[in-house]
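User: I am new to this structure and would like a close look at a single part of it. Please take one residue and then set it against the wider layout of the chain.

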Amino acid sequence: MSRNLTKDNYNLDGIDGFLVGIPEFFLFCAILLLITLNIYYFKSKQFKNSSKFSIFVIFITAILVLFNPYHGFAFNDLVFIDQFNKFMKCLILLSIFFILIMTKNKSEIEGINYPEFNVLVLLSTCGMMIAASSNSLMTLYLAIELQSLPIYVLCALRKNNLKSSESGLKYFVLGALSSGFLLFGISLIYGFAGSVNYNDINLNDISSNLGLNFGLVFLISGIAFKISAAPFHMWAPDVYEGSPSPITLLIASAPKITAITVLMILTFKVFKKINYHWDDLLIVLCITSMIVGSIGAIIQSNIKRLLAYSSIAHIGFILLGLVSFSKSGLSAVMLYLIIYLFLLIGVFSIILSLKKEDQPIEALSDLKGLSVNFPHLSISLLIFMFSMAGIPPLSGFFGKWFVFFAVVEKGFYSLAVIGVIFSVISAFYYLKIIKIMYFEGSEDQVVLDQTLELKFSMYLSLIITCFIFLFLPFFQGLITKSLL
Amino acid sequence: MISNWPILSIISFLPLCGALFILLISNRDTKEVQNLNSNIKVVALWTSLMTFIISLILLLNFDYNVDGFQFVEKSDWIPEFGIVYFLGIDGISLPFILLTTFLIPICIISSWNSIQQRIKEFMICFLFLETFILGMFCSLDLVVFYIFFEAVLIPMFIIIGIWGGSNRIYAAFKFFLYTLLGSVLMLIGIVYILKTVGSSDLSVLTDFNFKFQVQFWLFLAFLFSFAVKVPMWPFHTWLPDAHVEAPTSGSVILAGILLKMGGYGFLRFSLPLFPEASLYFQPLIFSISCIAIIYTSLVAFAQTDIKKLIAYSSVAHMGFVTIGIFSFNKQGLDGAIFQMISHGLISSALFLAIGVMYERLHTRDINMFGNFATKMPKFSVFLMIFTLGSVALPGTSGFVGEILVLAGVWKASPIVMILAGSSLVLGAIYMLRFYKKIAFGDFNSANSIDVKDINFREFMLFLPLSFFIILYGFFPNLILTYFHQPNSFIIGLFN
């Protein structure tokens, strides 16, 4: 619980402050270098070269994050780094790493063959990292903007595709609205709590203050939009469907991890004292997300729309862990994020390696007969689906298990019952995918185009999904070491 | 010496190794498909036979006079939650393990020719299924038990869905979602137990006394899960669909073993952990079991689909099991377990027989069969034995189980005994009608088709089953001695 230490002990000024931010500085310089290189140096094979460069950059950044010995407050308390931030940043970088390697040889077929892709992804990563370590609502706001703006552009990257442009615009308009919410909430909190800095927000004599409550509601709404928790989920299906698949994976993983990190810090650290103002709000978000995610996905016929709804349902489960406001809830959420990240990587590595008439596959019916034509792919997808449905001994079960443990520990039995019932309902559409692959006739137009990187991502996430029970002590140790 | 080996882990995970081995058999060379398929079948058969042989070692080294669990293996798994990898068997689980290892090779042989497509996936599914079932019967930790208990759904869903009949998708979904909904409620119960006790180790849990209020809710949570599995009326509706649509071997494993998971769960967890709640819910269980016995017997009588008929008769027989378990005395418990084993043999045999008939006439309509006694004399003899076993004729294993259950329940509640006893008559009505129609029926379409009597492979399938049905009918003590220690422990909780 390093957070409880007084800030004077850990305040790093001057050069030390810069040392805390080394990974972000490195990343930023690398982005500038990448832009230059894109223009002057990477003439032929522009995308591939810039892709390789960005993978290398992400790798180095991750090493810098892991081995940076400096902890504490920096930049006039605008930033705070501890084990928890490091853990979350590593998770973010891991997802970005997989997105980059999976896109490396797939840019042409996905219609995103612009080297700007890598620059934008790295820029967004920079924003996520800063957001994860922000110690002030202002830093948080700016970082979230830095994270979101490149993603708006990325969604619309397939210029000639109507749906891609639509999704970019939709995401931008609604994203701007949510940023407005966020900013409005921040300003209210600033007005009624006296500061935007986490250390100075004064909650001592304002337990019944209406203005602060309003601010909190707006703040949560803004963040709920970023994690696409219902009822702020409207953008998710359209944006997931319209964006190119690698971008969909990006939207589904890294920004959500960031927003969950922010939510954890806000709930467990900053506003913990007045959590009775929060928890009803979170419970509502959690239950509506589970309902909308589980029921909305049943009628979908597009793979990515279905995944959008499934992600809403998963966010519901993650919020279930947060609602418990306990240490075990926190570690359950962290474990869930790891597990869910690898499931997403696995599913998208399969979607990316299939194409139909030189176009990426879109409809669920394209998976027909996958089990006959590509047995390895279909058995992997089957395992991922059963895991998402939460069937033991696969990883999804353990994610849900720890979340339920945290919820029951707090005595929220009715929430746990609602959770399991919706997990059964959501099992229906995961089974539907298996049905399409295994129980139905075959579709022969789909061809396999699996690069080495996609194979690697698929098998790695397969190993983690199947043998999670072997890795559990390792993950648990990692999480307990870096608990907030 | 042998007791130092992790023999239960070996038995449980040997089929898994076989499945991985089959996975490695490459099918790149399309020319030798025939050769490849027979390789796959042989590997699967040998794996399951090896498992059976090793489980016989278990039988030889098992000491039924010893109180408590034997062949225990224990190691930490998730220490901060108190979850341990804890395997061990007692007199209750041993017969089920042997039944499983005995039935799986039979299933594989029975689908030797009837499964024509995706043989590789089929065999892998079966071996996975065997691992999960054996792991479930061996595990003595609630969480480990739950993991195996629910993992069984995955291969079974695929078996029904791919190799099933025309309405297989509906049946597979119904089976999966129904049983999943039942078991997730148990999950919450398990989480609650973990939270209050701090351990899911069965030996710790049996020493822990839950308050009655807590027992009440926990018992209900477990009841949901086990009642769907048994299946008890009114949670039985998934069973006829699943049975009718599943391939023959799938039906065999479903009737033979999966239905016993519920009863086993009651014996292993519900009774020892929540004795007061069990006593409290005894009238409820008795009444729904009586309804199940009478209602499903009548429903079975109305069926024209022979698979559905046997499926409903299974629900009635499992009603006997739950009555026996909840009469809380020696005869009742002995009878319930014996009835489960005997039903595992008899209903599997009946489903195999239906498979044989279906392969010849490609119909399951009871009115389409007839005159088998002259056309297939060998088959008719076997079918006679199985039918009489199902009717519980003295001399077959079915009789021992039912008479013990009735004797046990007489002590608990004579009215229930009379109601349940009516099933002896009702069962005879629909089973004898079943046999009469098939073996001695009038002239009909079946007469115009030339049907062959059973071949050597099918003969070898029926022979061991009918042998054991008669053997245990005459010498029930071969099994009953094993129940003595564990059952006296359970009875001790209720006195």
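Analyst:

**A close look at A:Phe475**

In this predicted model, A:Phe475 is found in helix 21 of chain A, the helix that covers residues 468-481. A:Phe475 has 18 other C-beta atoms within 10 Å, and because a residue counts as buried at 20 or more and as exposed at 12 or fewer, A:Phe475 is classed as partly exposed. Once its neighbours within four places in sequence are left aside, A:Phe475 is in contact with A:Leu335 and A:Ile338. Another residue to look for is A:Ser331, which lies 144 residues away from A:Phe475 along the chain, while the C-alpha atoms of the two are separated by 9.9 Å.

For the wider layout, chain A is divided into domain 1, made of 1-166 together with 229-263, and domain 2, which runs over 284-484. The C-alpha centres of domain 1 and domain 2 of chain A lie 23 Å apart, and the contact between them takes 31 residues from domain 1 of chain A and 37 residues from domain 2 of chain A. On the side of domain 1 of chain A that touches domain 2, at least two residues each are supplied by helix 5 (83-103), helix 10 (235-242), helix 11 (245-252) and helix 12 (254-270) of chain A. Helix 5 of chain A gives the largest share of that side, with 9 residues. By residue class, the side of domain 1 of chain A that touches domain 2 of chain A divides into 18 nonpolar, 7 polar and 6 charged residues.

Technical notes
Residues numbered from 1 in each chain as written. Chains lettered and ligands numbered in written order. Predicted model: local features only at pLDDT ≥ 70, side-chain atom pairs only at ≥ 80, totals over all residues. Domains from an automatic or database assignment. Contact = placed C-beta atoms within 7 Å. Helix = DSSP H or I, 4+ residues; strand = E, 2+ residues; numbered from the N terminus. Nonpolar A, V, L, I, M, F, W, Y, C, P; charged D, E, K, R; others polar.
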